[in-house]
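Visitor: Hi, I'm new to this one. Could you walk me through it?
Guide: Sure, have a look first and then ask away.

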Amino acid sequence: MQYILDNALVLVPVLNIIGMILKGFPKLPDKYIPLILLVFGMLGTMALLGFTVEGAIQGVLVTGAAVYGNQVVKQLKKPA
């Protein structure tokens with residue numbers, strides 16, 4: 001079973017790039033970056049799939065995948 005549709009999957013690396021750009025803004029606290037990415041993710045998937053509930057759900061899923069993937073990489077880089 002596949003939760004994230006193939007059409008929406010392209011947004012995961014896009015959201016990672018947007019997150020890196022946002023991280024570069026010194027006055028933007030890190031705690032707001034996932035919320036901003038959620039807005040971009042939902043708007044992006046809804047633009048691709050249509051402004052429907054499914055589009056919104058896909059936005060939440062791709063944002064979750066991007067943020068979770070980023071956190072996994074960060075945690076794996078930490079010394080044990």
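Guide: We'll start with the overall build and then go into the helices and a few residues.

Visitor: Okay, what kind of model is this?
Guide: This is a predicted model.

Visitor: How many helices and strands are there in the protein chain?
Guide: The protein chain has four helices and zero strands. Going from the N terminus, the elements read α-α-α-α.

Visitor: And what box do the C-alpha atoms fill?
Guide: Taken along the principal axes, the box is roughly 40 × 30 × 15 Å.

Visitor: What share of the residues is buried?
Guide: Of the 80 residues in the protein chain, 26% are buried.

Visitor: What about contacts between residues far along the chain?
Guide: If you take the contacts with a separation of 6 or more, 56% of them join residues 24 or more positions apart.

Visitor: Let's talk about the inside. Which residues make up the largest nonpolar core?
Guide: That core has 11 residues in all: Ile4, Ala8, Leu11, Val12, Leu15, Ile18, Leu22, Ile33, Leu37, Val62 and Ala66. At least two residues of this core come from each of α2, α3 and α4.

Visitor: Which helix gives the most to this core?
Guide: That's α2, with five residues.

Visitor: Then tell me about α2 and its neighbours. How does α2 sit against α3?
Guide: The angle between α2 and α3 is about 145 degrees, and their axes are 10 Å apart. Their crossing is right-handed.

Visitor: Which residues meet there?
Guide: From α2 you have Leu11, Leu15, Ile18, Gly19, Leu22 and Lys23. On the α3 side they meet Ile33, Ile36, Leu37, Phe40, Gly41, Gly44, Thr45 and Leu48. Sorted by class, the contact of α2 with α3 has nine nonpolar, four polar and one charged residues.

Visitor: And how do α2 and α4 pack?
Guide: Those two pack at an angle of about 55 degrees, with axes 9 Å apart.

Visitor: Why are α2 and α4 called oblique to each other?
Guide: Because their angle of about 55 degrees falls outside the ranges for roughly parallel, roughly perpendicular and roughly antiparallel, α2 and α4 count as oblique to each other. The crossing of α2 past α4 is right-handed.

Visitor: Who makes that contact?
Guide: On α2 the residues are Leu11, Val12, Leu15 and Asn16, and on α4 they are Val62, Thr63, Ala65, Ala66 and Asn70. The contact of α2 with α4 splits into six nonpolar, three polar and no charged residues.

Visitor: Leu11 keeps popping up. What does Leu11 touch?
Guide: Leaving out residues up to four places away in sequence, Leu11 touches Gly41, Gly44, Thr45, Leu48 and Val62.

Visitor: Switching topic: where is Gln58 found?
Guide: Gln58 is in helix α4, which covers residues 53-77.

Visitor: Is Gln58 buried or exposed?
Guide: Gln58 counts as buried because its relative accessibility is 4%, and the cut-off for buried is under 20%. Again leaving out residues up to four places away in sequence, Gln58 touches Tyr3, Ile4, Leu5, Ala8, Thr45 and Leu49.

Visitor: One more, Tyr32. Where is the place of Tyr32?
Guide: Tyr32 is in the loop between α2 (11-23) and α3 (33-49). With a relative accessible area of 37%, Tyr32 is partly exposed.

Visitor: What separates Tyr32 from Asn70?
Guide: Along the chain they are 38 residues apart, and their C-alpha atoms are separated by 15 Å.

Terms used. Residues numbered from 1 in each chain as written. Predicted model: local features only at pLDDT ≥ 70, side-chain atom pairs only at ≥ 80, totals over all residues. Heavy atoms only, no water. Buried < 20%, exposed > 50% of the residue type's maximum accessible area, 1.4 Å probe, protein only. Axes fitted to C-alpha atoms, helices over the stretch in contact; angles between N-to-C directions. Left-handed = near helix turned anticlockwise from the far one by under 90°. Contact = heavy atoms within 4.5 Å. Nonpolar A, V, L, I, M, F, W, Y, C, P; charged D, E, K, R; others polar. Core = buried A, V, L, I, M, F, W, Y, C linked by side-chain atoms within 4.5 Å. Parallel < 35°, antiparallel > 145°, perpendicular 65-115°, else oblique.
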